[in-house]
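I opened this entry to look up how some helices pack, and then to check one residue. The notes follow in the order I made them.

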Amino acid sequence: MEARLNMFGSKVALGFVKHLVAANKPVVGSELPAATQELVKIRASQINGCSGCLDMHTKEAAAAGETSTRLHLVAAWREATVFTEAERAALELTEQGTRLADAAGGVSDAAWADAAKHYDEEQLAALVCLIAAINAFNRMNVITQQPAGNYEAGMAARMIQH
């Protein structure tokens with residue numbers, strides 16, 4: 001598969017991506033656990049069919065020490081016993097926040113309340129911003145058919161710096 005657009009060759013696209021990455025920095029530096037952040041990115045990317053983000057975030061998570069069992073079970077998190085209650089709440093919020101068009105009214109009060117039991121205001125803010133950001137990245141990659149499979153952990157940071 002060949003990408004429809006070279007996102008790093010376009011001044012507009014590269015500028016936008018750099019701003020989106022910069023906008024995500026407060027989330028990365030937040031108290032929202034890094035493992036939860038990767039699980040959220042993986043689950044949203046699964047839902048959106050974004051192979052590029054799946055390639056990136058599964059490899060980044062593995063490099064950070066995430067187990068292959070947990071990575072393989074993200075798509076079936078409801079039936080898996082390897083996720084904490086807090087992670088499950090974050091994954092539910094991710095699903096509902098990603099599938100906005102599937103449910104009238106968006107995110108349910110129950111999903112929000114469950115997440116609020118496990119995360120404080122700043123962590124909830126980070127979670128909401130993270131869900132929005134990964135959905136934006138997913139949409140760009142899916143629209144432009146960015147290929148996947150060749151990502152190496154740390155590659156994104158090196159590409160954005162140039």
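I began with H6 and H7 in this predicted model. Helix H6 covers residues 109-118 and helix H7 covers residues 121-144; I read an angle of about 130 degrees between them, with the axes 9 Å apart. An angle between 115 and 145 degrees counts as oblique, so I noted H6 and H7 as oblique to each other. I put their crossing down as right-handed.

Next I asked which residues of H6 meet H7. From H6 I listed Trp 112, Ala 115, Ala 116 and His 118, and opposite them in H7 Gln 123, Leu 124 and Val 128. I sorted the residues of this contact into five nonpolar, two polar and no charged.

I then turned to the other helix pair, H5 with H6. Helix H5 spans residues 85-98, and its axis comes within 9 Å of that of H6, crossing at roughly 145 degrees. I recorded this crossing as left-handed. On the H5 side I found Glu 85, Ala 86, Ala 89, Glu 92, Leu 93 and Gln 96; they meet Ala 111, Trp 112, Asp 114, Ala 115 and His 118 in H6. The residues here divide into six nonpolar, two polar and three charged.

Last, I looked up Glu 38, which sits in helix H2, residues 34-48. Is Glu 38 buried or exposed? Its relative accessible area is 15%, and the cut-off for buried is under 20%, so I entered Glu 38 as buried. Its side chain makes a polar contact with the side chain of Lys 41, at 3.1 Å. Leaving aside neighbours within four places in sequence, I found Glu 38 in contact with His 57, Glu 60 and Ala 61.

Note on methods. Residues numbered from 1 in each chain as written. Predicted model: local features only at pLDDT ≥ 70, side-chain atom pairs only at ≥ 80, totals over all residues. Heavy atoms only, no water. Helix = DSSP H or I, 4+ residues; strand = E, 2+ residues; numbered from the N terminus. Buried < 20%, exposed > 50% of the residue type's maximum accessible area, 1.4 Å probe, protein only. Polar contact = N/O pair within 3.5 Å; in protein donor to acceptor, adjacent residues only side chain to side chain. Contact = heavy atoms within 4.5 Å. Axes fitted to C-alpha atoms, helices over the stretch in contact; angles between N-to-C directions. Parallel < 35°, antiparallel > 145°, perpendicular 65-115°, else oblique. Left-handed = near helix turned anticlockwise from the far one by under 90°. Nonpolar A, V, L, I, M, F, W, Y, C, P; charged D, E, K, R; others polar.
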